[in-house]
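Trainee: Please choose a single part of this structure and look at it closely with me, following its surroundings outward step by step. I would like one connected account rather than a list.

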Amino acid sequence: MNDFFVCPICAKKTITNIKNRRWECANCGFELYNNVATAVGLLIFNKDGKLLLEKRAKEPRKNFYAFPGGFVDFDESAEQACIRECQEELGVTPLGLKYLCSFPNDYEYKKFDYKTCDLFFTAQLPDGVKFNLQETEVAGLEWFSVKDEKSIDEIPLAFESAKRTLKFFLGRTKNGES
């Protein structure tokens with residue numbers, strides 16, 4: 001549970017956590033809401049139909065696999081975040097972004113639990129792409145075959161929202177949707 005015990009405004013120990021959704025100070029009336037953070041992820045497939053995943057270089061879930069992506073910055077659209085994150089992490093500008101779906105996620109960072117709404121997009125890479133990995137974020141890249149639910153379950157994915165997205169994507173492609 002996310003908690004602190006001293007009000008950041010009046011410095012009194014009169015702050016109360018209400019259902020891990022907000023904090024309220026009985027002394028000065030300060031309120032802080034624990035709002036959902038927005039994150040993006042890119043599903044990028046090669047010409048052989050294999051999915052590009054990053055091996056995470058840091059916590060949370062270091063050495064697990066994730067889509068290229070990350071948190072949406074202030075004053076930035078989800079699409080802008082996709083492009084920025086892909087440029088930062090892979091050194092590449094993605095092409096043809098298309099919204100796919102969204103799922104809630106839990107993101108624990110330094111003993112603090114963040115609730116996120118993860119927005120997923122499909123994209124392509126330019127021909128002849130050369131990666132320039134952001135080593136603080138990405139330990140490596142790997143292409144995975146995603147043919148069925150079993151193949152998805154075998155990938156050591158960092159986040160449940162990624163697994164749900166791949167199963168959603170698989171269901172769409174089986175139904176002839178793109």
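Mentor: A residue is called buried when its relative accessible area is under 20%, exposed when it is over 50%, and partly exposed in between. With that scale, Lys 167 is partly exposed, because its relative accessible area is 27%. The model is a predicted one, and the part I would choose is helix H3, in which Lys 167 lies.

Helix H3 covers residues 160-174, and its length can be checked: since each step along the helix should add 1.5 Å, its 15 residues should span 21 Å, and the end C-alpha atoms are indeed 21 Å apart, so expectation and model agree. Along this helix, Ser 161, Ala 162, Thr 165, Leu 166, Phe 169, Leu 170 and Arg 172 are buried. The spacing of such a list is worth reading against helix geometry: an α-helix has 3.6 residues a turn, and therefore residues three or four places apart point the same way. The cover over the buried residues of H3 includes strand S4 (37-44), strand S5 (50-56), strand S8 (95-109), strand S9 (112-124) and helix H2 (149-154).

Take the strands of that cover next. H3 lies across S4, S8 and S9, and its direction makes an angle of about 145 degrees with that of S8. These three strands belong to an open sheet of four, ordered S7-S4-S9-S8, in which the pairing is mixed. Strand S7 (69-71) and S8 stand at its edges with a single partner strand each, so that one side of each has no neighbour in the sheet. On average, and with direction ignored, neighbouring strands of this sheet are turned by 20 degrees against each other. Within the sheet, S4 and S9 pair in the parallel sense over eight bridges, and Ile 44 stands opposite Ala 123 in S9.

Helix H2 also contributes to the cover of H3, and there is a charged link between these two helices. General background first: side chains of opposite charge can pair when their charged atoms come close. Asp 153 forms a salt bridge with Lys 167, with 3.0 Å between the closest N and O atoms. Asp 153 lies in helix H2 and Lys 167 in helix H3, so this pair ties together parts that are 14 residues apart in sequence. Asp 153 is partly exposed, because its relative accessible area is 41%, and Lys 167 at 27% is partly exposed too.

A contrasting pair is found within H2. Glu 154 forms a salt bridge with Lys 150, the closest N and O atoms being 2.8 Å apart. These two residues both lie in H2, four residues apart, about one turn of the helix, and Glu 154 and Lys 150 are both exposed.

To place H3 in its wider setting, consider another helix that lies on the sheet. Helix H1 (residues 78-90), which contains Glu 85, lies across S4, S7, S8 and S9, running at about 65 degrees to S4. Glu 85 is buried, because its relative accessible area is 8%, and Arg 84 is buried as well. The side chains of Arg 84 and Glu 85 meet in a salt bridge (3.1 Å, N to O). Beyond this pair, a network of salt bridges links Asp 73, Glu 76, Arg 84, Glu 85 and Glu 88. Leaving aside residues up to four places away in sequence, Glu 85 touches Gly 69, Gly 70, Phe 71 and Leu 90. The structure as a whole holds 13 salt bridges.

One further stop follows from S5, which was named in the cover of H3. The loop between S5 and strand S6 (65-66) contains Pro 60, and a cis peptide bond, with omega about 0 degrees, joins Glu 59 and Pro 60. In the loop between S5 and S6 there are also Arg 61 and Asn 63. Arg 61 has a positive phi of about 65 degrees although it is not a glycine, and Asn 63 likewise has a positive phi, near 75 degrees. As background, most residues other than glycine have a negative phi, and most peptide bonds are trans. Arg 61 counts as partly exposed at 35% relative accessibility, and Asn 63 counts as partly exposed at 41%.

Notes
Residues are numbered from 1 along each chain as its sequence is written. This is a predicted model: local features need pLDDT of at least 70, side-chain atom pairs count only at pLDDT 80 or more; totals for chains, interfaces and linings use all residues. Side-chain values use heavy atoms; hydrogens and water are left out. The expected span of a helix is 1.5 Å times one less than its number of residues. Buried means under 20% relative accessible area, exposed over 50%, partly exposed in between (1.4 Å probe, protein chains only). Contact means heavy atoms within 4.5 Å. Two strands pair if DSSP finds at least two bridges between them. Axes are lines fitted to C-alpha atoms, for helices over the stretch in contact, and angles run from 0 to 180 degrees between N-to-C directions. A salt bridge is a side-chain nitrogen of Lys or Arg within 4 Å of a carboxyl oxygen of Asp or Glu.
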